[in-house]
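Student: I have a new structure to look at, and I would like to learn how to read it. Could you walk me through it?

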Amino acid sequence: NTGPPPAAMVQEFALQTSNYAAEYGQVQGGVFIMATRSGTNDLHGDAWEYWQNNLLDARKPFVYTAALDRKDDFGATFSGPVLIPKVYNGRNKTFFFMIFEDARNSVSSAGALNTMPTLAYRQGDFSGALTGRTLTGGYAENAIYDPATTTLVNGVPTRTVFPGNIIPQSRLDPVALKIQALIPLPVFSGNLNNWPQGPQYKTWSAQAAIKVDHNISDTMKISFYVDQPRNRAPGGMDGLPFPITQMTNNVANTWIPRINYDYSISPVLLLHLGVGMFRNFNPSGAPLAIENYDAAGQLGFKGSAIGTGFPRISGLSASAAGGLGPGIGPTNMDLPIYTKGTSVASLLYIRGNHSYKFGAEFALNAFADNQATGGSGVLNFSALETGQPSTNGLNLGGGSVGFPYASFLLGLVDNATIQP
């Protein structure tokens, strides 16, 4: 299984779903069998393009922004005999077929809203988080408590509220402030759904292939085929800027070379030999610029096991009062390389109405993965660090005290992990 060739290069196609030949084994779905096109004595070429633009579409109702959707698919083929003027004339002997196709797509999400910390929250002013509701036990909903005032009262840890629900500027953590400076400002008023999240991004898929056939004699033929599919389909698009975005690159680069030799030993005896390789490099992690981000130098954040990289941060939002809705920082740093080498030999013998096929196959599979997920640190924040310890685990009547984003601004992590 080496992946499909470009569609315009397929000469014959068959699908087996049962009663498989021995050389294909058994599978639950089916086996695709394809024969690729070859050149002829005549030069031939064609080209095509499919273009679509959302500017020609009607606007979708009930969305804040118009979705971007632009497609441009194009390609060309060229084939014929191998001709080198005054050097080699490959008519009736050596032929080529080459193809290139490219599909590009510019897209965006339509009208999604998310939550960014308000201007007041960014200054440590969480008075806007107070709802005026008194919870069970007399606690003000979303009140933030000063962890520096923790004392034991009758053996129970107790804190006092920050006056006015405002953290003094001098108490704000410098690393948190530098990270906060990377977070987009809200566009709308209110604590929730104040930022239009309509990320724009591009995907592309390109594939180039060439096949060369050479007739050694009337009974012997050798062919060489190489295919290079490449594609980029970024994942986790959140509209956040570098380096806090959680987008993943998902860029695949594949090489598929193959050589086949066919020999008609007699009209009823056919020999086939083939050797090929499939090599796929498919980094599915954060862009290298994020993996190599100098968090120590730019933010003052230290402790990365890989020496660089922006940390992953989550838990900065309170469902009813805002904060930072999306998580930030890379969720995946994965650089896998898959290599498969194959060689086959078969002998087909035809006798009367029957055909007999004998053969063997050798395959070598290798997989390597440079896995650095979590190596730059994973930080989780919660309301506990700015809550009242005596209320932990208690039902306060449907509300809570403390505020996750306030804990973040104080630099108080609830829990952290690092992958060595």
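**Reading strands, salt bridges and a cavity**

Tutor: Let's start with a pair of residues: Asp73 has Ala103 in S7 as its bridge partner. This is a predicted model, where local features need pLDDT of at least 70 and side-chain atom pairs count only at pLDDT 80 or more, while totals for chains, interfaces and linings use all residues. Residues are numbered from 1 along each chain as its sequence is written, and side-chain values use heavy atoms, with hydrogens and water left out.

Student: In which sense do S4 and strand S7 pair, and over how many bridges?

Tutor: Strands are DSSP runs (E, at least two residues), numbered from the N terminus, and two strands pair if DSSP finds at least two bridges between them. Here S4 and S7 (residues 94–108) run antiparallel, with 13 bridges. S4 (residues 69–81) also pairs with S3 (residues 44–53), again antiparallel, over 10 bridges. Within that pairing, Ala47 is matched with Ala76.

Student: What is the salt bridge partner of Glu23?

Tutor: Side chains of opposite charge can pair when their charged atoms come close. The rule used is a side-chain nitrogen of Lys or Arg within 4 Å of a carboxyl oxygen of Asp or Glu. The structure holds seven such bridges. In one of them Glu23 meets Lys357, with the closest N and O atoms 2.8 Å apart. Glu23 sits in the loop between strand S1 (10–16) and strand S2 (31–36) and Lys357 in strand S20 (residues 354–371), so the contact ties together parts 334 residues apart in sequence.

Student: Is Asp213 buried or exposed?

Tutor: Buried means under 20% relative accessible area, exposed over 50%, and partly exposed in between (1.4 Å probe, protein chains only). Asp213 is buried, at 3%, whereas its salt bridge partner Lys221 is partly exposed at 32%. The N to O distance of this pair is 3.6 Å. Shared partners join Lys211, Asp213 and Lys221 into one salt bridge network.

Student: How many cavities of 30 Å³ or more are there?

Tutor: On a 1 Å grid over the protein atoms alone, a cavity is a set of points where a 1.4 Å probe fits but cannot get out; lining residues have an atom within 4 Å of a point. Points are joined across faces, edges and corners, and the volume is the space filled by probe spheres set on them. The count is one cavity, and the largest holds about 30 Å³. Its lining includes Arg312, Pro330, Met333 and Val378.

Methods:
Helix = DSSP H or I, 4+ residues; strand = E, 2+ residues; numbered from the N terminus. 1 Å grid on protein atoms, 1.4 Å probe; cavity = no way out; pocket = protein on both sides within 12 Å on 5 of 7 lines; lining within 4 Å.
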